[in-house]
Amino acid sequence: MIHARTLHALEFGEITAYLAGLCRTVAGRERARRLAPLPDAETASEAARLYEETAVWLARPLAEGGFRLAAFPDVSGLLRAVEERRAAAQPDAEAFWALREMLRQAQAARQSIAAPEAERQWPRLLALANAELLPVQLTAALNRCISDDALLKDESSPELYQVRMELRRLHQSCMRKVKDYAVQYNMLHYLQDEFMTLSSDRYVLPLKANFKGRMQGIIHDWSQTGETCYFEPMFLVEINNRLQELKHEEREEERKVLAYLADLLRAELPGAHAALHLLAELDVLQAKRALAEAVDGRCIPITGAAEGIELLEARHPLLMLAPLLRGEDAESHRQCRTRVRPLDIVLRPGERALIITGGNAGGKTVCLKTLGLVAAMTMSALPVPAAGGSHLPWFSRMDAFIGDEQSLTDNVSTFTAQIQHLAKAWKHLGESGLVLLDEFGAGTDPAQGAALAQAVLDELIDNRTFVLAATHFPSLKSYALTREGARAASVLFDPDSKKPLYKLAYDQVGASQALDVAREYGLPESILRRAEHYLLQDGGDTSALLARLNALAALREQELQELRARQTRARQQLEHEKDKLRRERQRLHDEVRAQAAELMKAVREGKTGHKQALKELSRLRGSLAEELRPEEVSVLPQIEHFAPGQQVLHLAFNKRGVVTDVDERRSRVRVDLNGVNLWAAMKDVRLAGTSAPSAAAPRAGGPVSPVLAAVRENAAPARPGAADARETSLLRLDLRGQRAEQAEAEVERFLDKALLAGIGEVEIVHGRGTGALRRRIHEFLRTFPAVASFAAAPEDRGGDGMTIVVLR
């Protein structure tokens, strides 16, 4: 669990409040505000996968069956009232209209989710949508009975339809009689308006006040000015009495319809709750997607504690959201995102403590809060601002000792408050715990505080508890460099300006730079000179040495950034060259296919001989291989001597044969390929025991070119042997035990070789484990342009532990 005090210290409530603001419905906002870390790693991982699937579903255009949630009135109160069977809580037509709007959206959302590709692309979202049945009868009844303006339709019941038709007939009859009466008795000049109106639910005429004695009737009301009286002539009394009877009948029929709808709601109340639950969940999921866009975030995998902590290019989420939380525009937010510096927070396998030193205002506390808040968000299945390749272990307990926790009312100092909270949490800490210590022990005697902090770190490391500590104690700086299981890091400052760089330099310690900070904030120079004098007298001034270390680390960080930029440019150039190679390959393939088709047509029409066609096909296939792989051909070892009777492998066709003749002058040999005799260049054949380049393998399961088809018509299948073993090695790549970045690079090289070899289907073995390696490989396969599709292998071939990839 994560204590509420820790979540408060990490400002997790700011994240949930912002997430709630991104929701479009009342139910979604309530669910977002209640969001908290999930109970275990499996639940959190499943919720993260649900979010990823929802992001794919939300990306679908509306024209292609996509769905966009719109706001609808809150119906939770209505459902609670019906569930609790409150006698006085009879829903009205407006409440049922709100329920109709909610059910309509739930139905539309489920239809959109249940797309043909749902089982393949968002199975968890489909399971969520189909978890419970929606109220079919209630939805149909509401659509039939409730109009868009929140009134009961005439078609709600036959009786209501009949009453309303009678009311309309009565109204028309009344209008006609009034008009005839006014014309007959020439009384239009008596009226303020030529139309009649309603007063006290009765038809009346707006009569000028000074003419009220000219006619017999009843005055029901007066206007505010007193110039108009609402007058019911005697000839309208009977009609108005009938009108009251019909109005009463109408209200009674409406009450029956509403009671009928209420009974339907009670009967299908679980379905109504399920619809509201589905929409609230979708609302929170789309809000998570909007949060990810705001912080450039993603859900990072949860791994085992043995793999350590690896947060790459992590940014504090609230720093990323600061302009939006202040209500500023999108441009301010975009500029803020570029200003927030990323941090790499890394604890390698076997390390449990990261001790951060360095100057004030350098970002030590931000580093602690970044890890704590990112961990809390990850455990809540929220996207976090961290780069791909990041991962965190599951923390069953997390405690943060950050900030001044003193209390005058409770007579508790900062140091006492830290000790009290640590003592309460100590019995809950273990291998899956995380402790964040910000200047622990600083509120008491420095020597005793440092000793206590060191002892606490010793116990936490021995208990295999993860801990991040920020400190200025000199003894802890040497401790961080020498203690097994601990790692030192220092916040960097610019060597010239003394400004913080908000970067961590690992495996070194930093100076506190208190005097530089005091000078920066305007403390008088006389005080600073005295402080430097006392520091020299104490013999504890190591700032020059640490400043040198800081300068070297800053220089190294700058060089690393330049190397990363060069690496990015090189990777982009490589992708460009690969695309160019693929286009060239396709062009050559199309040309050879066309030439081969013409040649086969000539054979069928008898314009060329069979042997001549085979020679031409061999030449075409060889030229295609040479143009596609000039660099591979140039580095292959050349065989200096062939002799008749030798077993050889023809690289272009990947077929075994026997040498029948040798032409040394033209550097070619005649090969018998199971009855098919052809001349081949020496560079295109190898002795049977020599390994062949992967590019010569045919594409298994892919389309067969006319060249290869022509050869297969006249050649028997190759005998099993070394070539079969070579093909097997090409078809499968085993990545078990590798790190994600290394595995991704291996997959890229493997697919490039398979493409050059013409292989159509390959197997990638990654094992089951936590699923992190599988997800990373699947993420890469989605972006690889030559991958047509990929899926988990059948259970008899490895199941989730292996992925089968089909290439274009």
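**Aromatic contacts, a four-stranded sheet and the surroundings of helix α2**

Arg352 is placed over the face of Phe466, at a distance of 4.2 Å from the ring centre. The model in which this arrangement is found is a predicted one. A second arginine is found over an aromatic ring, in that the charged end of Arg5 sits over Phe401, 5.2 Å from the centre of that ring.

Contacts between aromatic rings were examined next. A pair of aromatic rings is described by the distance of the centres and the angle of the planes. The count of aromatic pairs comes to three. In one of them, formed by Trp57 and Phe67, the ring centres are 5.9 Å apart and the planes stand at 20 degrees, under the limit of 30 degrees, so the pair is classed as stacked. Because Trp57 belongs to helix α4 (residues 41-58), whereas Phe67 is located in the loop between α4 and α5 (76-83), this pair ties together parts that lie 10 residues apart in sequence. Trp57 and Phe67 are both buried. The rings of Phe395 and Phe466, by contrast, have their planes at 80 degrees, with 5.8 Å between the centres, and the pair is therefore edge-to-face. Distant parts of the chain are linked by this pair, since Phe395 lies in the loop between β9 (392-393) and β10 (397-401) and Phe466 in strand β12 (residues 466-470), 71 residues apart. Phe395 has a relative accessibility of 1% and therefore counts as buried; Phe466, likewise at 1% relative accessibility, is also counted as buried. Phe466 thus takes part in the edge-to-face pair with Phe395 and has Arg352 over the face of its ring.

Further along the chain, an open sheet is formed by four strands in the order β20-β21-β23-β22, with mixed pairing. Its edges are occupied by β20 (732-734) and β22 (787-792), each of which pairs on one side only. On average, neighbouring strands of this sheet are turned by 20 degrees against each other, direction ignored. Strands of a sheet pair through backbone hydrogen bonds, either parallel or antiparallel. Between β21 (residues 761-765) and β23 (residues 802-807) the sense is antiparallel, and the pairing extends over five bridges; Glu763 has Ile804 of β23 as its bridge partner. Helix α27 (residues 772-783) lies across β21, β22 and β23, and runs at about 160 degrees to β22.

Attention then turned to the helical parts. In helix α2 (residues 12-22), the buried residues are Phe12, Ile15, Thr16, Tyr18, Leu19 and Ala20. An α-helix has 3.6 residues a turn, so residues three or four places apart point the same way. The cover over the buried residues of α2 includes α1 (4-9), α3 (26-33), α12, α13 (317-325) and α15 (364-379). Helix α12, which spans residues 269-295, contains Pro270. With a relative accessible area of 51%, over the limit of 50%, Pro270 is classed as exposed. The C-alpha atoms of Pro270 and Leu134 are separated by 8.2 Å, although these residues are 136 residues apart along the chain.

Cysteine residues were considered last, and the count of disulfides comes to zero. Cys145 counts as buried because its relative accessibility is 0%, and Cys174, with a relative accessible area of 0%, is buried as well.

Methods:
Residues are numbered from 1 along each chain as its sequence is written. This is a predicted model: local features need pLDDT of at least 70, side-chain atom pairs count only at pLDDT 80 or more; totals for chains, interfaces and linings use all residues. Side-chain values use heavy atoms; hydrogens and water are left out. Two strands pair if DSSP finds at least two bridges between them. Helices (H or I, at least four residues) and strands (E, at least two) are DSSP runs, numbered from the N terminus. Axes are lines fitted to C-alpha atoms, for helices over the stretch in contact, and angles run from 0 to 180 degrees between N-to-C directions. Contact means heavy atoms within 4.5 Å. Rings of Phe, Tyr and Trp (its six-membered ring) pair if their centres lie within 6.5 Å; planes under 30 degrees apart count as stacked, over 60 as edge-to-face and the rest as tilted. Buried means under 20% relative accessible area, exposed over 50%, partly exposed in between (1.4 Å probe, protein chains only). A charge sits over a ring if NZ of Lys or CZ of Arg is within 6 Å of the ring centre and within 35 degrees of the ring normal. A disulfide is a pair of cysteine sulfur atoms within 2.5 Å.
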